[in-house]
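User: I am new to this structure and would like a close look at a single part of it, followed outward into its surroundings. Please take your time and connect the pieces for me.

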Amino acid sequence: MTAIVSEETKLRDEIVEVGSSLFDRLFTFGSTGNISARLSNGELLMTPTNACLGRLDPARISHLDNNGQLLSGDKPTKEQFLHMAMYEERPQSGAIVHLHSTHSVAVSCLPEVDPCDCIPPLTAYYVMRVGKLPLVPYHIPGDPALGDAVRGLAGQHSAVLLANHGPVVAGKNLEAAVYATEELEETAKLYLLLRGENPRGLTPEQVAELEARFPRD
Ligand SMILES: [Zn+2]
């Protein structure tokens, strides 16, 4: 029992710390964005609805059972269903970050992006942390069909980009999910900087070598 309590307390503090760091560095703003993490018993911790990631209270974080029912804390984010869809398809994932980060959203609005893979493999770390990034078609906020669309891709992809909305990124733990989200946002920025410049990305052989040597979860 003691071990479970300490794991939960540690994760609550980690969510608060990560939220504040992402907010301070302008990866998120207002009350947008949400973070969740899975405990070893399958229960979830999730940021509450209308919470600002820069000012989270560890005691008020939503604690949910394996099926997403609230056990304690504030009501979870209205985007809970995005997290549930990812967890259901990715038993290996221990945390999920969803942001409305500006450069990723900008890419999600471009007409020319490949819906199977929105950002070309510009750097090795992008390939290692994010890989292929599919675009999920636009849905009105809260539409459960958006959860189904994410569910259909989450088994094959640790990150998806919601059109005109933002990324949803899973990782084996919270640190991995945050690093992958940051890598995605910075690569989206690079992609926008290089638009129209005909940049030299990594070749399919270079991508295959990275995939073989550094498999993602
Ligand atoms: Zn959102």
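Which residues in α2 are buried?

Analyst: In this predicted model, the buried residues of α2 are Q80, L82, H83, M84, A85, M86 and Y87. That makes 7 of the 10 residues of the helix, so α2 is largely enclosed by the rest of the structure.

Q80, which has its place in helix α2, shows what this enclosure looks like for one residue. Its relative accessible area is 17%, and because buried means under 20%, Q80 counts as buried. Leaving aside neighbours within four places in sequence, Q80 is in contact with M46, L64 and G68.

Just before the helix comes E79, which lies in the loop between β4 (70–72) and α2 (80–89). E79 is buried as well, with a relative accessible area of 16%, and E79 is one of the protein donors of the zinc ion. The site lists E79 (OE) twice, together with H98 (NE2), H100 (NE2) and H165 (NE2), and these donors lie 2.0 to 2.7 Å from the zinc ion. Along the chain the donors follow the spacing E-x18-H-x1-H-x64-H. Since H100 sits in the loop between β5 (95–98) and α3 (102–108), the pair E79 and H100 ties together parts that are 21 residues apart in sequence.

From the zinc site the view can widen to the sheet. Eight strands form an open sheet of mixed pairing, in the order β4-β3-β2-β1-β5-β8-β7-β6, and the edge strands are β4 and β6, each of which pairs on one side only. Within this order, β5 pairs with strand β1 (residues 34–38) in the antiparallel sense over 4 bridges, and A95 in β5 is the bridge partner of A37.

Further along the order is strand β7 (residues 159–162), where A159 and L161 point one way and V160 and L162 the other way, and all of them are buried. This is in keeping with a common pattern, in which the side chains of a regular strand alternate between the two faces of the sheet. β7 pairs with strand β6 (residues 135–136) in the parallel sense over 2 bridges, where L162 is the bridge partner of V136, and these two strands make a right-handed β-α-β unit with helix α5 (residues 144–154). With strand β8 (residues 166–171), β7 pairs in the antiparallel sense over 4 bridges, and here the bridge partner of A159 is V169.

β7 and β8 form a hairpin with 3 residues between them. N164, in the loop between these strands, has a positive phi of about 55° although it is not a glycine. Most residues other than glycine have a negative phi. N164 is partly exposed, with a relative accessible area of 45%. N50, in the loop between β2 (44–46) and β3 (62–64), also has a positive phi, near 60°, and N50 is exposed, with a relative accessible area of 59%.

Last comes helix α6 (residues 174–194), whose 21 residues should span 30 Å at 1.5 Å a residue, which agrees with the 30 Å between its end C-alpha atoms. At the start of α6, a side-chain oxygen of N173 reaches to within 3.3 Å of the backbone nitrogen of E175, while α6 is followed by G196, whose phi is positive, near 85°.

How values were computed: Residues numbered from 1 in each chain as written. Predicted model: local features only at pLDDT ≥ 70, side-chain atom pairs only at ≥ 80, totals over all residues. Heavy atoms only, no water. Donors = N, O, S within 2.8 Å, 3.2 Å for Na, K, Ca; no water. Buried < 20%, exposed > 50% of the residue type's maximum accessible area, 1.4 Å probe, protein only. Pairing = 2+ DSSP bridges. Right-handed = clockwise from strand over helix to strand, strands pointing away. Contact = heavy atoms within 4.5 Å. Expected span 1.5 Å × (residues − 1). Polar contact = N/O pair within 3.5 Å; in protein donor to acceptor, adjacent residues only side chain to side chain.
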